[in-house]
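Trainee: Please take a close look at one part of this model for me: the nonpolar core. Then set it against the rest of the chain.

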Amino acid sequence: MTLGAACLLCAVSTGASSATTGSSSASAVPAVRQPLTADSHSPVAHDNEVMALAAHSGRLFAATDQWEYPGPSASGQVLVKNSGNAPWTVFEQTQSLRVQALDSVAIPGDQGLGSGHSLLITQAIVHGRSVVQWLLDGANSFTAKDSFALPSTATDVRSFGAHESGGVWALYAGASPTGILRGTWSPTRRTLMFNRKPELTAAPPGSPGLKTQKVTGFADCAGALFVSINTKLYRRNDGTLPPGVARWVLVYQEPPVGPFNSGLRGLTCVSHDRSPALLVSTEGDGNVYRFDHLPRGQLHDSASASPGHGLSGLVSVLEFVPRSAICADARR
């Protein structure tokens, strides 16, 4: 989302009021244009992109960046809006060019806190270190004790996921170029405990045939956790693994993509024909595909996963073609 003149478009669900944009479509979402700040000297005035929005404990948070900004203070920020009528303010000033991952995840009620609690989680360069950081419920700031230092400032996180298995709830961070990192929730310490060893190591950037290795999304679906890394879709094996069984198994591989295309995006769990299914889009053409009949139990082999097809009969079904829809709408 490009900010242009340093603003955010706030949908009515945030509680923003008054004048809405005109529209002839009955399905259009009314929105108001709100400035990030009224202070012309504030560094937030030159943010030029919103990477993510997250509603958390009655507040709305935004992750921003300074992509290709030529001036001073070229660093992304975490912004907060405390109510529908409140202004956007700086929650955290970072040293990251981009704060590109931000999410709020509900903590299961059996994890020592009861129901109704959640974590806001993000990653940024703060005080010279790249850290994954989180805060519980309505806390007013990130703290050093609720953070995990990544190997270097060149390591960043594009996506987060959460999954509970066997009574253990964990949060997963897709770090480039490190791989998938797992932080388990401690009910006694009331915080996350990250393992420095990645569960799944992606091929490093610059590998033959690869431009980047972006962990683009997670989805908890059909009792298992899925992740998309560039053109590949993996599923996690929970529990104790038999000898020779991998923790993450390749279940689908998209056919080769063109330049300036990093593969699968927007991985989401939905219900289709009363069963869990996955939706995913492909960067470039924007086509949306659906995966039904998701595999259950532990998976032992990914050898049958080939471009366009996957393990255990996992096959992509074309759900939506934006190009055709746009052309059809233009002809009306």
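**The nonpolar core**

Mentor: This is a predicted model. Its largest nonpolar core has 21 residues, and Val132, Leu192 and Phe194 touch the most other members. Several strands give two or more residues to this core: E7 (102-107), E8 (117-126), E9 (129-136), E11 (156-165), E12 (168-176), E13 (179-186) and E14. The top contributor is E12, with 4 residues.

Take valine 132. Neighbours up to four places away in sequence are left out here. Its contacts then include Ile121, Thr122 and Gln123. Valine 132 also touches Asp146, Ser147, Phe148 and Leu150. Val157, Phe160 and Phe194 complete the list. Phe194 is itself among the three residues that touch the most other core members.

A second core is separate from this one. It has 17 residues, including Phe226, Val251, Val280 and Leu299.

Next, the disulfide. The structure holds 1. Cysteine 221 and cysteine 269 form it, with their sulfur atoms 2.2 Å apart. The torsion about the S-S bond is about 65°, so the disulfide is right-handed. The pair links distant parts of the chain, 48 residues apart. Cysteine 221 sits in strand E15 (residues 215-221), and cysteine 269 in strand E19 (residues 264-272). Cysteine 221 is buried, at a relative accessible area of 1%. Cysteine 269 is partly exposed, at 33%.

Now a surface position. Alanine 55 belongs to strand E3 (residues 49-56). Alanine 55 counts as exposed because its relative accessible area is 62%, and the cut-off for exposed is over 50%. Neighbours within four places in sequence aside, alanine 55 is in contact with Leu60 and Ser104. Leucine 120 is 65 residues from alanine 55 in sequence, yet the C-alpha to C-alpha distance is 8.9 Å.

Last, confidence. The mean pLDDT of the chain is 82, and 73% of its residues reach 70 or more. Strand E14 (residues 191-194) has the highest confidence, at 98. Strand E14 is also one of the strands that give two or more residues to the largest core. Confidence is lowest in strand E1 (residues 7-11), at a mean of 44. Over residues 1-7 the pLDDT is below 50, and this stretch has 20 contacts beyond near neighbours in sequence. Residues 9-24 are also below 50, with 29 such contacts in the model.

Terms used:
Residues numbered from 1 in each chain as written. Predicted model: local features only at pLDDT ≥ 70, side-chain atom pairs only at ≥ 80, totals over all residues. Heavy atoms only, no water. pLDDT = per-residue confidence, 0-100. Contact = heavy atoms within 4.5 Å. Buried < 20%, exposed > 50% of the residue type's maximum accessible area, 1.4 Å probe, protein only. Disulfide = S-S within 2.5 Å. Core = buried A, V, L, I, M, F, W, Y, C linked by side-chain atoms within 4.5 Å.
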